[in-house]
Amino acid sequence: MASTAGPSYNGEPRTLGQHIATRLVQIGVTDFFGVPGDYNLQPAWLLCCTSRFSAVSWQLLDELEKDTGLKGKWCCNELNAGYAADGYARAKGVGCCVVTFTVGGLSAINAIAGAYAENLPVVCICGGPNSNDFASNRLIHHTLGRKFDFMQELNCFKEVTAEQPVYICVCCNLAGLHHPSFDSSPIPYSLSTKQSNPRSLQAAIEAAAGFLGGKQKPVALAGSLLRVGKARKQFMEFVEAAGYPFANMAASKGLVPESSEQYMGTYWGQISAPYVSEVVESADAYLVAGPLLNDYASVGYTLGISDAKMVRVDPYRVTIAGGKGGQVFGCVRMDDFLAGLARRVQKNGTSLDIFRRLYSPPPEVPPSAAGSPLQTKVLFKRVQGLLQPTTLLLAETGDAIFNCQKMVLPEGCQYSCTILEALLCCHNHRYTIEVEIHDGPYNKIKNWDYVKLVQAMHNEEGALYAVRVRTEEELAEAFIYARNEGADKLCFIECMIHRRVRIPENDRMVLR
């Protein structure tokens, strides 16, 4: 993309902060999430009176906002800013948070580590100490108390950043510093993407087509790294050309359209619907695009699939039959491979026919008796009715994620492992999963008045609807309000769930 940088801001020479802002806009960031702190807020002369750059040292946050294409969104703490940048990266492609040195960076690092685990491109920018202090004998605030050593934060971030996320520390006296390369025509932004090796790509396609062509009952699975490989469209091209039934793995729900006639549901080992696990585990071959087979995704490494039957497609590598006979092909992009294989694969609908014979619709959840306590299955039946193509459904780990896996997402509905028309707080008075693992007094938690907590944070600013419901009738009334009068409000619904309700999927996961 060509640079959008102008020659100056109100006649001022362009600065390092403005140059960083330009680069952020060029990679797709239009909003960053920040928390003001002295190292990213105050002019450098307030932080180091000896700075020879004090005359041109301005606040980092102000310099970033001078770019008309970039706006700051201000958060209450750095962890929130980091998670907001994580969510922004999932929705927009890349996110950014801006915090202060050490106390801010170490607060944000848990969110950045999560982005690292999820392969999300997040930029974490920290305002840092004056560059002159690095060679001084001063003890600086917001460090861990050792003279000459300002690198503790950097060393921590080294463990959770690489190509994505990234960490940038900007010394407070440099944010407002001018350099000629920042002026009217800075070097255009250019970042070359990884390309497939043509010979390796063709060899992988031919080997996979031959492997799958000799099987009777092949299926396809979509893993969470399908997002990293930017290959959702190509995956669907492949399954449509192949005629295979397909399922998503738990962490990839929402990455493939559930309206397809070939879609089976979620494959999650013993937690799967019986017809899904039967079709997948009885297959004699499976193409698995982007699997991340950790203990959670594999239900304690008990999935009934084997490498010997698998064409495994990682973002830049294809492995066939576990690599037996040297069938490992590097420098192969996932999207290129799936698009090429779609043109070569032989159509085979045998497994799809088996799935259609085995499929049984989930049982209907009957209405609750008037005044009876709200149950989890009733709550999620009502949530299913709320889902629209424009809905973003976020499920927290625990009961919510198990129940949301059973939902049918309309075309266009986004899912991530929390916002519908309403934010739902499922309040069942205890730690449910921990109770099933091992019960004890530590699982009996102090129950807050979450409605009043949200009202306190609201503090009469903006539009809020907060209510507590205990029955299906009250829940239905709250949902009706959320979709109508509350359409432009943050709707918070605290759902008081019967504490004795157990989730079968939770029990099976714990037993693993």
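## Exercises: surface and core

Trp-448, Leu-453 and Met-457 form a nonpolar patch on the surface, with about 350 Å² of accessible area together. This is a predicted model, in which local features need pLDDT of at least 70, side-chain atom pairs count only at pLDDT 80 or more, and totals for chains, interfaces and linings use all residues. Residues are numbered from 1 along each chain as its sequence is written, and side-chain values use heavy atoms, leaving out hydrogens and water.

**Exercise 1.** Find where Trp-448 of the patch sits.

*Solution.*
- Start with the term: nonpolar patch residues (Val, Leu, Ile, Met, Phe, Trp, Tyr) have over 30% relative accessible area and no salt bridge, with side chains joined within 5 Å. A salt bridge is a Lys or Arg side-chain nitrogen within 4 Å of an Asp or Glu carboxyl oxygen. Areas are Shrake-Rupley values with a 1.4 Å probe.
- Now look along the chain: Trp-448 lies in the loop between α15 (432–437) and α16 (450–458). Helices are DSSP runs of H or I, at least four residues, and strands are runs of E, at least two.

**Exercise 2.** List the buried residues of helix α10 (residues 274–281), then name what they pack against.

*Solution.*
- Buried means under 20% relative accessible area. In α10 these residues are Tyr-275, Val-276, Ser-277, Val-279 and Val-280.
- Next, check contacts (heavy atoms within 4.5 Å). The buried residues of α10 pack against strands β8 (218–222), β9 (246–249), β10 (263–267) and β11 (285–289), and against helix α12 (350–358).

**Exercise 3.** Work out how much of the protein chain is buried.

*Solution.*
- Take the 512 residues of the chain: buried ones make up 49%.

Terms used
Buried < 20%, exposed > 50% of the residue type's maximum accessible area, 1.4 Å probe, protein only. Patch = residues over 30% accessible without salt bridge, like charges linked within 9 Å, V, L, I, M, F, W, Y side chains within 5 Å.
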